[in-house]
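Here are some short exercises to work through with the structure open beside you. Try each task first, then follow the solution step by step.

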Amino acid sequence: MTATTGSHPTRRLILQGAASVALLGLGNLPFAPARAAANDKYPEEAFKLKNEADAIKALYGRTAEPSEKVKLDAPEIAENGGVVPISVTTTLDKVTSISFLVAENPNALAASYRIPDGTLPAIANRLKMAKTSNVTAIVEADGKLYSATKEVKVTVGGCGG
Amino acid sequence: MAIRRRDFLKSVGVAAVSAGLPRLARGAETASIYDLERFGNVRILHITDTHAQLNPVYFREPSVNIGIGEMAGRPPHLVGRAFLERFGIRPDSADAYAFTCFEFEKSAGRFGKLGGFAHLKTLIDRLRGDVGERNSLLVDGGDLWQGTGLANVMQGRDMVEVANLLGIEAMTGHWEFTYGEQVLRDNLERFKGEFLAQNVFLTEEAAFNDASAFDKASGRVFKPSTIKELGGHRVAIVGQAFPYVPIAHPKRFTPDWTFGIREEELQKHVDGLRASEKVDAVILLSHNGMDVDLKLASRVTGIDVILGGHTHDAVPQPMPVKNAGGTTLVTNAGSNGKFLGVLDLALDKGKVSDVRYHLLPVYSELLKPDPAMAELIGRLRAPYVTDWSEKIATPDRLLFRRDNFTGPVDELICTALRTELDAEIALSPGFRWGVTALSGQPLTMEDVLAETAITYPETYVQEMLGADIKNVLEDICDNLFNADPYYQQGGDMVRAGGLSYTCNPTNAAGSRISELKLNGGKTLNASHRYKVAGWASVNGQQGAPVWDVVAKYLRSGRMFQERLGTGVTLKGIDGNPGIAG
């Protein structure tokens, strides 16, 4: 059984760090990091909210519509609830951000990434899940919000045939 | 696609009855049920979930195998009479005995044991000989290396030798993984066939650390598929290992590997076989379980036939499933060596034009054991057989395991755990392997091991909150009855000793279990702590192996003196043909 913690300050720092590294890695776009950083105010309030809908609203100020163009890859049953590999890719144009929400976690918003101009919109990360929950990926593209949702089961395991 | 009605389903029973024989007569020459009409140009033979049962066994099929949602009443979720009616099997026939629980005890004396690798070898050689070696293939769907004391102490090496002599050319796995990576790889070194698994990948950490893999670019640990030239055609066999190995078993056995159904990777791979390799047929050798295979067949295109296992369902006819690319046939070939799946394909360039499928019961009394295999089995068993042949108890009732919620074998294990470890409640895993023992026939240590032999047999005693006990039951119940088969793991409900409850399988996850009561009728209190004994924990435990605990209890002679404390009341499934009337 996976232990659960109430909040995840460390993970957030790591995620922020990872995003920065990714941006700095774009050596052929010398202005991108500075510009992104300027817009990239840490959405502290959104990360504090319990509820998924509230977090989306706090982050984006509107709601998302489900889209087949958002491809969410997540396991049906997590092998380890502590590190669930979840990734998203999209064929949408002009993607500016991608966010991940775990509805049943103590705080629904798990991660949010700014996608600089000219970057392939593909994010793979590992999320900590308290229990079985819907996982939603939000893609912000051309000023609109699109989403995909999949249930990921977190189980105590054992007793296979 | 035409599925020929299996007329011989009736004929065995008719022959045995009309000749007035008390038992089936031994002798391969009389066994005309194994004279299959020639069809097509390629024959694929399939065994699965034999669970290392080298000798013929009694194995009673389930009387409770409930399907809910769209799975309700759909094969494999039919038992007893409903099963017989669905597949047109006469109730007094040998096949009724082989495929269902119908009048099992009465028929066991009449039709005898099924399976056994020496008998399988005779049958397989004959069916391959009928079509010619170059036109036939033998595949195994996994759970070949586990299920007996011998396989456990030899870590599956015995079964590799047997597989080589039997002529298995491709296999996939499930319990094979529970010996850990090193033993698995050592065994596969000796295995003359190929181990296939498209759905086992290195974890990111293992890939970063340059762990061993079949294909480093994709991270695939094993070869995903093989292409066989058969009857002048190219047939691709794709392996699908059990998708939930690190969840159903301790993660420590496979720390570097990650599993899953991996539908998209499978689709890509099948498309590649069709486009680049120009194969004429694609067969998925699957350990997904039947409900998962049926869903997968509706979503993944380009697979002609899924040869399925894991859920131990003996399904006489393939289920055709439509998808965007055409139709995929889904089979499941039973367990414990009781059955041999025979898939005859008529292949044309790039396609399967027609199919015949038979799931043949391996009636050990109709087949002469192959001498070479019998000799090998004798040699493998020799070092252990004396130690394990001591008679330790004689049951006063039929002992079987296979049912969704309970069975006398597990009631016995739970009683042994509670008695020997002094616990109020016992939990025992709902495995589907483990053979059936007839009433009045002595049990040996070998029999006890055949119900318990796993690589993590340690028992435990721990205090658990009533609320946590309920959560465990709910969690495992969802593995059986989630309306979406991709969220099921296979296996049956955890067995509870000293605890009764009500279950409504049609309810949502977390609210199926109610009215939990201790022996004596006291309600389980969510905030009280209870002493719980168990075994087969996914967490490391230190207690004595469960087989020693069970043997000690049996030796005490108390076997069935006390009333067994398991009672499950089912709700919400009136009229479900997954329960025998």
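## Exercise 1: Two helices side by side

Keep in mind that this is a predicted model. Begin with the contact itself: in H7(B), the residues B:Asp158, B:Glu161, B:Val162 and B:Leu165 meet B:Ala372, B:Met373, B:Leu376 and B:Leu380 in H13(B).

**Task.** Sort this contact by residue class, then work out whether H7(B) and H13(B) are roughly parallel or antiparallel.

**Solution.**
- Step 1: By class, the contact between H7(B) and H13(B) has six nonpolar and two charged residues, with no polar ones.
- Step 2: Find the two helices in chain B, H7 at residues 157-166 and H13 at residues 371-385.
- Step 3: Read off the geometry: the packing angle is about 170°, and the axes are 11 Å apart.
- Step 4: Apply the cut-off: angles over 145 degrees count as roughly antiparallel.
- Step 5: H7(B) and H13(B) are therefore roughly antiparallel to each other.

## Exercise 2: An enclosed helix

**Task.** Find helix H14 of chain B at residues 408-420. How many of the residues of H14(B) are buried?

**Solution.**
- Step 1: H14(B) has 13 residues and reaches 18 Å from its first C-alpha to its last, close to the 18 Å expected at 1.5 Å a residue.
- Step 2: A residue counts as buried if 20 or more other C-beta atoms lie within 10 Å of its own.
- Step 3: Twelve of the 13 residues of H14(B) are buried, so this helix is largely enclosed by the rest of the structure.
- Step 4: Look for some of the buried ones, including B:Val409, B:Leu412, B:Ile413 and B:Arg418.
- Step 5: Move past the end of the helix: H14(B) is followed by B:Asp422, which has a positive phi near 55°.

## Exercise 3: Two loop residues

**Task.** Compare B:Glu103 with B:Asp143: is each one buried or partly exposed?

**Solution.**
- Step 1: Locate B:Glu103 in the loop between helix H3 (94-99) and helix H4 (104-111) of chain B.
- Step 2: Its phi is near 45°, a positive value in a residue other than glycine.
- Step 3: B:Glu103 has 14 other C-beta atoms within 10 Å, so it is partly exposed.
- Step 4: Now find B:Asp143, in the loop between strand S2 (136-140) and helix H6 (149-153) of chain B.
- Step 5: B:Asp143 is not a glycine either, yet its phi is positive, about 60°.
- Step 6: With 28 other C-beta atoms within 10 Å, B:Asp143 is buried.

## Exercise 4: Inside the core

**Task.** Which residues touch the most other members of the largest nonpolar core?

**Solution.**
- Step 1: The largest nonpolar core has 213 residues.
- Step 2: B:Val139, B:Ile283, B:Leu340 and B:Val550 touch the most other members.
- Step 3: Follow one of them: beyond its neighbours within four places in sequence, B:Ile283 is in contact with several residues, among them B:Ile44, B:Val235 and B:Leu307.

## Exercise 5: Where the chains touch

**Task.** Which element gives the most to the side of chain B that touches chain A?

**Solution.**
- Step 1: Across the two chains, 29 residues of chain B are in contact with 13 residues of chain A.
- Step 2: Helix H10 (245-248), strand S16 (425-430) and helix H16 (466-481) of chain B each give two or more residues to this side.
- Step 3: H16(B) gives the most, with four residues.
- Step 4: By class, this side of chain B has 15 nonpolar, twelve polar and two charged residues.

Methods: Residues are numbered from 1 along each chain as its sequence is written. Chains are lettered from A and ligands numbered from 1 in the order in which they are written. This is a predicted model: local features need pLDDT of at least 70, side-chain atom pairs count only at pLDDT 80 or more; totals for chains, interfaces and linings use all residues. The expected span of a helix is 1.5 Å times one less than its number of residues. Axes are lines fitted to C-alpha atoms, for helices over the stretch in contact, and angles run from 0 to 180 degrees between N-to-C directions. Angles under 35 degrees count as roughly parallel, over 145 as roughly antiparallel, 65 to 115 as roughly perpendicular and the rest as oblique. Two residues are in contact if their C-beta atoms, placed from the backbone, lie within 7 Å. Ala, Val, Leu, Ile, Met, Phe, Trp, Tyr, Cys and Pro count as nonpolar, Asp, Glu, Lys and Arg as charged, and the others, Gly among them, as polar. A nonpolar core is a set of buried Ala, Val, Leu, Ile, Met, Phe, Trp, Tyr and Cys residues joined through C-beta atoms within 7 Å.
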